[in-house]
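Reader: I have a model open and I'd like to learn how to read it feature by feature. Can we go through it together?

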Amino acid sequence: VVQDMHKLRALFYAAGDGLDRELIDSELERVQRLLPLMRVEVGPLMDMLKTARTHGTAQLMAPSGGPGNVYDESTILRVLVHRPERNGSKMLKSWYKLPKKPK
């Protein structure tokens, strides 16, 4: 993924003819911040979502065991809805009163 981000940076910078490097870096920084959350399994993501619903945010522990990034409910939800696992889908439909079948 890091290599892909370097390729994207080069593509959008276009040897100085593209977007401003600071703009590109700020957008890629947002993506880098989400990558650890996207690596989390559905069960822990559901736990994080429960915490975020209660407290407003949830913190992902860093691989070193220390404090990691803090995510809000909507960010965790956006990551979770793109997962194909059935249990997560059922729980989200229950919590957010979503229809079982799209109309």
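Reader: Let's start with confidence. What pLDDT does the protein average?

Author: Where pLDDT is low, you shouldn't read the predicted coordinates in detail. This is a predicted model, and its average pLDDT is 87, with 98% of the residues scoring at least 70.

Reader: Where is confidence lowest, and where is it highest?

Author: Helix 5 (residues 86–95) has the lowest, with a mean of 82, while strand 2 (residues 70–72) has the highest, at 93.

Reader: Next, the inside. How many residues does the largest nonpolar core have?

Author: For a core, look for buried nonpolar residues joined through side-chain atoms within 4.5 Å. Here the largest one has 15 residues, and Leu37, Leu45, Met48, Tyr71, Ile76 and Leu80 make the most contacts inside it. At least two core residues come from each of helix 3 (42–55) and helix 4 (73–80). Helix 3 gives the largest share, six residues.

Reader: Zooming in, which residues does leucine 45 touch?

Author: Leaving aside residues up to four places away in sequence, leucine 45 touches Leu37, Val40, Ile76, Val79, Leu80 and Arg83.

Reader: How about rings: how many aromatic pairs does the structure hold?

Author: Zero. But check for charges over rings too. The charged end of arginine 21 sits over the ring of tyrosine 13, 4.0 Å from its centre. Likewise, arginine 53 has its charged end over the ring of tyrosine 96, at 5.0 Å from the centre.

Reader: Last one: which residues does UniProt list for the domain?

Author: An unreviewed UniProt entry lists residues 2–101 as "domain: PATROL1-like C-terminal". Over that stretch the chain is 62% helix and 6% strand, with the end C-alpha atoms 38 Å apart.

Notes:
Residues are numbered from 1 along each chain as its sequence is written. This is a predicted model: local features need pLDDT of at least 70, side-chain atom pairs count only at pLDDT 80 or more; totals for chains, interfaces and linings use all residues. Side-chain values use heavy atoms; hydrogens and water are left out. Buried means under 20% relative accessible area, exposed over 50%, partly exposed in between (1.4 Å probe, protein chains only). Helices (H or I, at least four residues) and strands (E, at least two) are DSSP runs, numbered from the N terminus. Contact means heavy atoms within 4.5 Å. pLDDT is the predictor's confidence in each residue, from 0 to 100. Rings of Phe, Tyr and Trp (its six-membered ring) pair if their centres lie within 6.5 Å; planes under 30 degrees apart count as stacked, over 60 as edge-to-face and the rest as tilted. A charge sits over a ring if NZ of Lys or CZ of Arg is within 6 Å of the ring centre and within 35 degrees of the ring normal. UniProt positions are given in the numbering used here, feature names are shortened, and annotations may be inferred rather than shown by experiment.
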